[in-house]
Every structure is written in C-alpha cells, then in structure tokens.
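Visitor: I am new to protein models, and I would like to be walked through one carefully.

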Amino acid sequence: MTRDELQNQVAEWANSYSRIMLSWATSVGKSRGFIAIQAALGTPKTYLVVSERPHIENWEEEYRKCGREDLLKNTTIFCYASLKNFVDTEIDLLGLDEVHHSSELRISYLKTISSTTIVAMSATTNFGVSYTLRAAFGEFKESIVPLSYAIEQGWIQNPQIVLIPLTLDTVEKSEVIEVIRKPVKRVIECDFQDRFKFLKAPNTKLIIHCTEFEKYKYYDDRVKYFQDLINLDPSDDKTVFKLKIAGLERKQYLSSLKTPHIFEFLNSGELDKKRFICFCGSIKQAESLSKNVIHSKISHPEKALKAFKDGELNELFAVNMLKEGVNIPNIQACVITQLDSKERDFVQKAGRALRNPDDPTVYIFFFKDTQDEKYLKVALTNIDDKYIQWI
C-alpha cells in the first residue's frame, strides 16, 4: 500500500463512519488524510483544532500544497486553548489535530460543538486517549500506522538510532542534597549514609554530601515512597501531586547531569556539516549549549524557527517545542537528551529527523540502570534492533 492509497482508504470511510481516528506516525501524512476525508464530504463547514499557533500556518500551507484552497475557505483553524470561544456551535466536520492534547476541560468544550463527523489525529494513541474519546463521542473507526510499519513500507527512510549510554558516578561526593525544616535554627552537614540520623530533625537545614548515584537514589526512593502511598489510597490527590513533583525532580536531575556529556558530544565533530535539532531537558541546559534556542521564555520564538527553516541556522536547541505539528525541511539528525514514559514523546522527537530521505540519525542520551533506561525501552518498543547502534 502507498500513502496515497492509505489516504484514499480513509477518505472512503467518510461515507460510512462519522467518527474516525488517524493514529499515523510522523511523515505518514495525517494532514493529507484529513484533507482527503474533508474533500470526500464535499466542502463541509469545518473546525480544525490544533495545539499551538504556529500549527495554523502549517495547516494552511498543507491545504495550498494539496491545491484545496476551496476547502480552506470553509475551515476555521484555532487552538485548543481557544475552544471556549466556540462552545454551543454547529458544524459539519470537526478535526482534532494532536488529539492527545485534549484535556478533560477541553473535552467538555468539544462536547458542546454539534458536528456530523469527527476526525481525531495523533502520531500515537494509548488506552487513556482512546477511552476518553469513546466516552465523549462514541466509537471511532481507527486507522493505525506505527513508526515500524512506516519504515517497512519505505515511507520513512531506514533510521539510525544511536544510543549514548552514560553512567552515574558512584565514587566522588560532588553532589549535595538540602532538606530544610523551617524555621531554620541550625545547619547540619553529613554524608549520605548518615542521613537518617538527621532527616526528621526540626528547625534544621540538612546538607547531605553524596555522589551522583546517591543523589539519584534519594530522588528515586521518594518516587517509590509516594507511589506506595498511592497504591494504598489512589484517591489521595495531595499524594498524587507529590508523586508528580518527585518524578519531575528525578527527571530534571538526570537531565542536568547530561549537560557536560552533550557538550562534549557536540564538540566531537559527529554533527559537523549536519542540520540538527537538539531536544533539551531544560531552558538552562539549552542556553548553556547554544545561543540558537527556542523555548517559551524567549519573546519571539518564531524568529529562531524561521532562521532555521530558511537555512540561516544549522542547529536549533528546543525545550518543549517543535515535537509536533511543525514542518521543518532538511533535518539530518536530532539529539534527544531526555525521554519520558510515553512512546509518543520519542516518536514525535525522532520524527523531526526521520522525514529526511537521506540517512536520518537520532542520538539518544540515557543513564544506565536508572529510570532513563526504562523510558528508553518504552521508546524503542516498535523499533527493530537492526536500526539501533551504540556509542
């Protein structure tokens, strides 16, 4: 099957199904699949909901590439954040781009919109997303094209997934952990193995000297502690919140330790003369690695993106941006400094490079024997071992 045949197939579904889900990996053509469905319905009055403002321009460009400006005229494209402005309206076709961004509140707004046909789109879906959509709108006819299938079909060039394993230091006590119990009236310093003598001391600032591995263990133990409490009482919202914070602290700590390793890699010559995106774990990390950054704290992120698209820049360091919904040509590699628990995160980031027809390469940094390695196994679930290399 070709991509054109796949798009024609889902277009035919529009005659039989009012709820359609396109779970297609990056570069398979979700946008063209949606436009094909829209065209099969004639020129329906359409809402197309996207996750970020730059995605609006990308969709408009896609309509023009398809020569379907006539459909675009009947299409209102807006962000999920603006849904409240469209409640209690009536349309023919509702398109939900990157539907995994549909929170409970957003679903409540979407349910007020009367639509004959709904088309949901995402690079990957999971049970939670599918269940939420079914509960809100009924059963969806789903077309699933995982990354592995797209590679096998030749729709995506065979990738090179290069794993860069790192090891936490277990010898040098270069790290500190601070535990503060207010109001602070004294300061105590100790080594990691002696921490339990002082952890519950009142009115104390406790400074614990430790190795990288010991500090990771401290964060990891906190995650396990709160997880055990939630297993006893899943309805305890305060503990759920504390678990999220503990998990974020663990993740951010591992990410911060990677910065000097990434810097060394960038200076190794491996990426010389290549256009690449580096997905960073924090703004601090991105700004320490390059001046060519794009994140939520800069005034005009679209300027850096335009310079990269136009070829004025050959490297771009992104934080929580550019994973989805943005068409960027000629990316030869991407560097992933931090994964998370969702396969979708990897598929979206790697997809930036996998659009390139000429030997796309994805580099992944991870710490062995940590939560990082568990995230890596999730990320590579649908990737054949023959595409994976180790440094």
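Guide: What follows is a set of questions about the whole chain and then about one helix. This is a predicted model, in which local features need pLDDT of at least 70, side-chain atom pairs count only at pLDDT 80 or more, and totals for chains, interfaces and linings use all residues. Residues are numbered from 1 along each chain as its sequence is written, and side-chain values use heavy atoms, with hydrogens and water left out.

Visitor: What is the radius of gyration of the protein chain?

Guide: The radius is taken over C-alpha atoms, and the globule rule is 2.2 Å times the number of residues to the power 0.38. For 391 residues a compact globule would come near 21 Å, and the chain agrees with this at 24 Å.

Visitor: What share of the residues of the protein chain count as buried?

Guide: Buried means under 20% relative accessible area, exposed over 50%, and partly exposed in between, with a 1.4 Å probe and protein chains only. Of the 391 residues, the buried share is 50%.

Visitor: Why do the buried residues of helix H13 lie on the same side?

Guide: Helices are DSSP runs of H or I with at least four residues, numbered from the N terminus. In H13, residues 371-379, the buried ones are Gln371, Asp372, Tyr375, Leu376 and Ala379. They lie on the same side because, judged by directions from the helix axis to the C-beta atoms, they cover an arc of only 145°.

Visitor: Which exposed residues does the face of H13 turned away from its buried side carry?

Guide: This face is opposite the buried side, which includes Tyr375. The exposed residues that it carries are Lys374 and Lys377.

Note on methods. Helices (H or I, at least four residues) and strands (E, at least two) are DSSP runs, numbered from the N terminus.
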